[in-house]
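Me: Could you walk me through this model with some questions and answers? I'd like to start with the strand pairing.

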Amino acid sequence: MLEPSLNNTYRDVLDDDMRDDEKFNPVYVEQIFEAKTRIFDEMCKATGTPDTEYDELSSAKFNARSVTKKMLAEWLEAVCCILNEYATPVLASSMKMAADVDTMKDEKIIDQKKIIDLQEKIIEKKEAELQSVKTVVQTTVQSEIKSYSSVLKNTCNKALAPRRMQAALKTATEEDGRSKNLIIYGLEEKKEEKLEDEVLEVLSHLDEKPRIVSCSRLGKDGSVDEQPTKRNFQPIRVSLSGTDHVRQILNKTRKLRTVEGYTRVYICPDRSPDQRVSHKKLVEELKQKRISEPSKRHFIRNNSVFSCDT
């Protein structure tokens with residue numbers, strides 16, 4: 001065991017557990033550094049060396065008359081004890097940790113290589129599956145084209161196909177346009193109204209402020225009654241810049257039922273004539289359900305009427 005030396009101030013900072021602790025602990029390094037600093041400070045004080053100027057400590061300094069043989073013996077004993085009993089175990093544990101880190105790095109590299117190999121195999125498999133699907137699609141399309149060509153050759157009304165294609169294209173274009181639209185019902189008409197501002201005011205209650213491309217009231221002549229009633233307010237078609245805002249607004253439209261002045265205002269999708277007919281039937285079915293089964297909750301979703309217990 002280390003015997004008491006000059007003031008023994010460095011001894012208090014060393015934890016004896018570091019002698020037997022096989023795990024590296026940076027706290028032990030700080031303790032050894034602090035003990036070394038205290039011993040060197042004692043040496044500087046005894047030899048007349050400026051504080052922290054440890055590089056100036058030399059044999060000539062230690063041969064000074066102010067340094068006794070006992071001092072040198074105690075310093076040597078202290079330094080040897082710190083090196084042997086404290087610094088060496090910490091150094092050994094740090095070397096072991098470094099070796100463990102190198103092993104973990106090697107294992108990680110191997111694992112990463114395995115992952116890369118697996119990803120390459122998955123990509124190859126996906127490419128093979130994609131090529132298989134592509135082949136099937138090409139074969140199916142070619143077969144359908146041949147069948148379609150055969151039908152065209154055997155039909156008398158050759159102009160029918162282009163008309164259908166034009167009709168389908170027109171329908172698709174209209175559907176795309178309607179997907180960016182909203183229809184607002186029940187908003188009071190004013191003789192000289194600023195329609196866009198009125199619409200933005202409604203949407204502000206839903207915490208939405210989209211960019212409006214256009215908005216106008218629907219009607220045969222576009223006229224506004226001098227004293228309109230709620231029943232004959234012309235609906236408003238609002239065109240937005242994208243479909244995302246349309247979906248967000250439709251998801252929040254129920255909030256208007258709780259806003260004073262807008263409880264009779266409804267926001268709906270811009271449906272085609274056929275869709276409006278279908279939706280009207282669903283609404284009628286919903287009303288009948290509410291009458292026949294008042295204890296349940298009924299709602300429309302995905303073009304169907306659903307019921308559930310309240």
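Me: Which residue in S3 stands opposite Ile212?
Reply: Happy to help. This is a predicted model, where local features need pLDDT of at least 70, side-chain atom pairs count only at pLDDT 80 or more, and totals for chains, interfaces and linings use all residues. Residues are numbered from 1 along each chain as its sequence is written, and side-chain values use heavy atoms, with hydrogens and water left out. Strands here are DSSP runs of E with at least two residues, and helices are runs of H or I with at least four, both numbered from the N terminus. In S3, the residue opposite Ile212 is Leu240.

Me: How many bridges join S2 and S3?
Reply: Two strands count as paired if DSSP finds at least two bridges between them. One bridge partner of Arg217 in S3 is Ile236. S2 and S3 (residues 236-240) run antiparallel, and their bridges number five.

Me: Which residue in S3 is the bridge partner of Ile183?
Reply: S1 and S3 also pair in the antiparallel sense, over four bridges. The partner of Ile183 in S3 is Arg237.

Me: Which strands stand at the edges of the sheet, and why is one side of each left without a neighbour?
Reply: The sheet is open and has four strands with antiparallel pairing, in the order S2-S3-S1-S4. Each edge strand has a single partner strand, so one side has no neighbour in the sheet; these are S2 (212-217) and S4 (266-269).

Me: By how many degrees are neighbouring strands of this sheet turned against each other on average?
Reply: Axes are lines fitted to C-alpha atoms, for helices over the stretch in contact, and angles run from 0 to 180 degrees between N-to-C directions. For neighbouring strands of this sheet, direction is ignored, and the average turn is 25 degrees.

Me: Which helix packs on the sheet?
Reply: Contact means heavy atoms within 4.5 Å. The helix touches S1 (181-185), S2, S3 and S4, and its direction makes about 105 degrees with that of S2. It covers residues 195-204 and is helix H5.

Me: How many residues of S3 are buried?
Reply: Buried means under 20% relative accessible area, exposed over 50%, and partly exposed in between, with a 1.4 Å probe and protein chains only. Across the protein, buried residues make up 24% of the 310 residues. S3 is mostly covered, and of its five residues the buried ones number four.

Me: Is Asp207 buried or exposed?
Reply: Asp207 lies in the loop between H5 and S2. Its phi is near 60 degrees, a positive value in a residue other than glycine. Most residues other than glycine have a negative phi. At 60% relative accessibility, Asp207 counts as exposed.

Me: What is the phi of Thr52 near?
Reply: Thr52 is found in the loop between H1 (26-47) and H2 (59-62). At 57% relative accessibility, Thr52 counts as exposed. Its phi is positive although Thr52 is not glycine, near 65 degrees.

Me: What accessible area do Val133, Val137, Val141 and Ile145 have together?
Reply: Val137 is found in helix H3 (residues 69-154) and counts as partly exposed at 43% relative accessibility. Patches take residues with over 30% relative accessible area and no salt bridge, joining like charges within 9 Å and nonpolar side chains (Val, Leu, Ile, Met, Phe, Trp, Tyr) within 5 Å. A salt bridge is a side-chain nitrogen of Lys or Arg within 4 Å of a carboxyl oxygen of Asp or Glu. With areas from the Shrake-Rupley method and a 1.4 Å probe, where only the protein chains shown count as cover for residues, this nonpolar surface patch has about 320 Å².
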